[in-house]
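These are my notebook entries on a structure of two protein chains. I record what I looked up and what I found.

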Amino acid sequence: MTTRLYIRREATFPVFEINVLEAADQQLLEISRELGVGLNLQEMKAVKEYFKKKGRNPTDVELQTIGQTWSEHCFHKTFKGKIKMGEKEIDSLFKTYIARVTEEINPKWCFSVFEDNAGIIRFDKGYGVAAKVETHNHPSAIEPFGGAATGVGGVIRDILGVWADPIACTDVLGFGPLNFDYSKLPPGVKHPKYIYMGVVAGIGSYGNNMGIPTVSGAIYFDESYIGNVVVYCGCVGLLPLKKFSKNAKPNDIILLAGGKTGRDGIHGVTFASAELTEKSEEVSRPAVQIANPIEEEKLKRAIITVRDRELASAITDLGGGGLSSAVGETAKKFGCGAVVELDKVPLKYPGLAPWEIYVSESQERMLLAVPPENLGKVLEIFENEDVEATAIGKYTQDKLLRIYYRGEKVAEMDISFLFEPPKTVRTAKYEPSNFEEPVFPEPKNLTDIVLQLLSSPNIASKESVIRSYDHEVKGNTTLKPLQGEFGGPNDAAVIKPLENSWKGIAISCGMNPNYGKIDTYWMAASAIDEAVRNNVAVGGRRIALLDNFTWGNPEKPERLGSLVKACEACYKFARAFRTPFISGKDSLYNESPLGPVTPTLLITALGIVPDIRLTVSMDVKEAGDAVYIVGRTFAELGGSEYYRLKGFVGKTVPKVHGVQAKRTFSAITKAVDLGLVKACHDLSEGGLAVAAAEMAFAGGYGLELDLRKVPCEALARNDFVLFSESNSRFLVEVSERDKKDFETLMKGTVCAEIGTVSEKQRLCIKGLDGEAVVDASLAELLASWKKTLSSGV
Amino acid sequence: MRVGGTNCDAETKRAFDELGVHAEVAHVNELVKRGRLLEYHALVFPGGFSYGDYVRAGAIWAKWILAKMGKELKVFVDENRPILGICNGLQVLVEAGLLPGFEGVSPYPEASLATNVPPGYNCRWVYLKHENNGKCVFTSKIPKGKVLRVPVAHSEGRFIFAKEKEKRLLERLYENDQLVFRYCKKNGEYAEGHYPANPNGSFHDIAGICNPEGTIFGLMPHPERAFYWWQQPDWTRQRQMPQCGDGKLIFEGLINHLEKEK
């Protein structure tokens, strides 16, 4: 380490002044690297400029604070920055595509969106629903259990951070193939099985211990996830809107509540904003935090009490960047400055340098702003719950951030400077993928294919995982992740959050990484369609969306190009469906020695069920009922599970026809409200055949279907009709006496009766030539669906 | 009563509220501080992960109460005021020596709730067969042999005795009419240890027991999660919606008993 760049101050504790003023460009980068602040040259120069004006060098505390605040993870440079793509110049992906949907639709029921830790929509007159989905990919790749557990803990604090009481969790995960050959693993990359076990156990342990039901989720397997595990943790909360107080004023006390602060989670955000390497394990292990759900359980109780007694003026969670971002962002939000005394912060063990205390990401901590006159009452509430709470400073009139340690000033910066990093300008390039449409004959035995598809990891039952999560706690889960005696896969979960109301919340998700390999635009469109149709299938409407991007290194033009495409689709189709985005999160730099992650967009949909008594489940209910298919089937098998099974990717990725789809969704909703729909299941991976099989074995009745009646376009092969993954399609069970009404209602949509529910315990499907092409007993269908992941975790 | 890590208190309280009974959720700290335990007619240890279930599930809470309010608790028990333990609550009652309590409160745990077989956390609906002949004040209104449907959610619910004593102790459970619920199949046949009907490998399919007086009752399943019809896993299939879930019977039983006592 070149010493003259770092001058240790005369002090009873370690604090350095960093000699940026005399540093040449090369040395600026050296400093950034050596201190692990992850600032690029442009940014380091901005720092140099600022302190030149101040006529002094920054301290390590100041430089670290800047590093945290300007990191991709905290500031989302890529989404907020400028992007040049061919002729086009985009000023902020976020504003141009994501936020714009919400602005243009501008629904009255959006209470607070993209404002806070979580988005809030109105539930009824008095209550709001808060939602947030987090990514925790990087930590989970290093330490699966801790990484996933703290992911859950973090997103729950995001909900607490808007004064909401967490009522449900979601988890969507992406792993490498569990049977991947050990010998092929590059050094530093852990085996998918190990990561799978750790992540699933981590998520379960946190949600279960906190008593929050994990009600919805999905698990995908893809080669590209071997080096880049994907971990999305979501949380939904409920809050009385009139208790939502965010109005911190100068002189309000900065109260740090919850766990003690230690060296765990130092530089978590800078780590999360870099690619994973062979060295990540040793270099970044400390970046992974340690979870203690019980601490957060107690913290939650205290915070809800403080909320109900209206004793605090603001709240935010400590996540990425620890105190440094929480204090800074709060001060910024309320146009104040802040004074912090770091020696007041309760530590797990002595010996932390001031900068470590300020950026540590130790878990289970929240930051409250408390008017001085309420401090006593608030401290008592925390004490009653055995939770530590300490006043560590106060907000001030001036717009300065001042940090002291043992009476000595170790930092003084303008808040405005902290939140005006130099705008990043990136260039993007879009290249269409060069996959070819495969040519192969139609297989003789399609029954076998159906059985194989049912046991393919992406379709197979996730029961062994779902049951390791408590999805019943709180006793409000009215539509569970697994349906009926045989545990069929419901399209969405429904929660009934209020005792005196039948109103419910439907939570669903959509994710199609395999389409992303071909075309990220249609992947995004499909993810939105899938999330929405899953929600509609159970009776959800007035749907709000959350977007979560897991992408590769955005500094590489073609990666960024595919991201831009996905964002364009987000705007176009969220707009078409009139489903605003209310919150989101991006995790970029998901690259490992094995290459980049498959671009993966998770769309989470939050719908309202006006009366849960009308909720529809996916299992067929009664022999003799009619079965309809709603929505048109196209020759869209690109990225399908069928092609994957055959060893292809293909080119004909499923598209979305916005107007037609919207019409279909509204019609289904009407039918549900009129009680005409006895069962409804969306068609996704595996297409018609898989959806039909799932409905049948979940309900314990057979199905007799006829492919000749399926509304198709340019489809002349049984396997294509059976396995095409065209969007916006449903299978619907309607009782004989309701057929007329249902058909009238569906006028203007593509809808056809394709068969009946039968007493026979078999799935029988007639082909385009009238001959049986699929004939299997429910028992064997169920068995193949359950066997793959039955081992459990 | 709750402590850090208790998390089923709200829905348990809701069950009593629904039945028109005044129930309070009181933090142990508060009860200790004000010595208020004896102000209550009945006590419930709800489900959760008290103190993170470190050491052994329920162990810390059990020792904590005995240390901080052992006296009041003894009076509470001696006066035969009813105590209900659900899931983590049962684990606490066993760790505290209140159950099975062959000779009154035992200085050491006479049984144990070991880790599930098959291992791991398991959240599913199970069937329970009512075995009690009327001793248990919580179930005296439930006909013997009735099959109830209630969910379990735990990773340490395998009820066991010390191997060398299990035969004898099981006989005593029968002699004292302490056996309350056993895991069974839909049709009422005992699970005979077979998964998933018996979700955790409990000895003799034991799901819930009471003390010889029948006033202290603990079970692993969650009656508070089977209180309303819309909590049942297959209500969307039923043409005729049931009035309520089977769990309600247990809370009603307790309330009947309290009314008699008055």
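Entry 1. A buried loop residue.
I began with A:N374, which is buried, with a relative accessible area of 13%. I noted that this model is a predicted one. I then looked up where A:N374 sits, and I found A:N374 in the loop between β14 (365-370) and α15 (375-384) of chain A. Setting aside residues up to four places away in sequence, A:N374 touches A:E310 and A:L311.

Entry 2. A second buried loop residue.
I turned to A:K243, in the loop between β10 (230-240) and β11 (253-258) of chain A. Is A:K243 buried or exposed? A:K243 is buried, because its relative accessible area of 16% is under 20%. Leaving aside neighbours within four places in sequence, I listed its contacts as A:W163, A:R307, A:D308 and A:E310. For A:D308 I also looked up a distance: a polar atom of the A:K243 side chain lies 2.8 Å from the backbone oxygen of A:D308. I noted that A:E310 is in contact with A:K243 and that A:E310 is touched by A:N374 as well.

Entry 3. Cysteines.
I recalled that a disulfide is a covalent bond between the sulfur atoms of two cysteines. How many disulfides does a search of the whole structure find? The search finds 0 over all chains. I checked A:C680 and found that the closest cysteine sulfur, in A:C751, is 11 Å from its own sulfur, which is too far for a bond. A:C680 counts as buried, at 1% relative accessibility. In chain B, I checked B:C8, which is in no disulfide; the nearest cysteine sulfur, that of B:C87, is 6.7 Å away. B:C8 also counts as buried, at 1% relative accessibility.

Entry 4. The interface of chain B and chain A.
I looked up the contact between the chains, which takes 45 residues from chain A and 35 residues from chain B. The area buried between them is about 3,100 Å², and carbon and sulfur atoms give 45% of this area. Which three residues supply more than any others of the area that chain B buries against chain A? They are B:C123, B:W230 and B:R237, with 21%.
I then looked at charged pairs and found 5 salt bridges across the interface. In one salt bridge, the side chain of B:R237 meets that of A:D619, at 2.4 Å from N to O. I also recorded 24 residue pairs in polar contact across the interface, both residues at pLDDT 80 or more.
On the side of chain B that touches chain A, α1 (9-18), α2 (28-34) and β4 (122-130) each supply at least two residues. The largest share, 4 residues, comes from β4(B). I sorted the residues of this side into 13 nonpolar, 11 polar and 11 charged.

Entry 5. Backbone geometry.
I recalled that most residues other than glycine have a negative phi, and most peptide bonds are trans. I therefore noted the cases that depart from this pattern. The peptide bond from B:L99 to B:P100 is cis, with omega near -5°, and B:P100 is in the loop between α4 (88-95) and β3 (112-114) of chain B. The bond from B:V117 to B:P118 is cis, with omega near 0°; B:P118 lies in the loop between β3 and β4 of chain B.
A:N251 is not a glycine, yet has a positive phi of about 80°. A:N251 is in the loop between β10 and β11 of chain A, and is partly exposed, with a relative accessible area of 44%. A:D386, also not a glycine, has a positive phi of about 55°. I located A:D386 in the loop between α15 and β15 (389-396) of chain A, where A:D386 is partly exposed at 38%.

Terms used. Residues numbered from 1 in each chain as written. Chains lettered and ligands numbered in written order. Predicted model: local features only at pLDDT ≥ 70, side-chain atom pairs only at ≥ 80, totals over all residues. Heavy atoms only, no water. Buried < 20%, exposed > 50% of the residue type's maximum accessible area, 1.4 Å probe, protein only. Contact = heavy atoms within 4.5 Å. Disulfide = S-S within 2.5 Å. Buried area = accessible area lost by both parts, 1.4 Å probe. Salt bridge = Lys/Arg side-chain N within 4 Å of Asp/Glu carboxyl O. Polar contact = N/O pair within 3.5 Å; in protein donor to acceptor, adjacent residues only side chain to side chain. Nonpolar A, V, L, I, M, F, W, Y, C, P; charged D, E, K, R; others polar.
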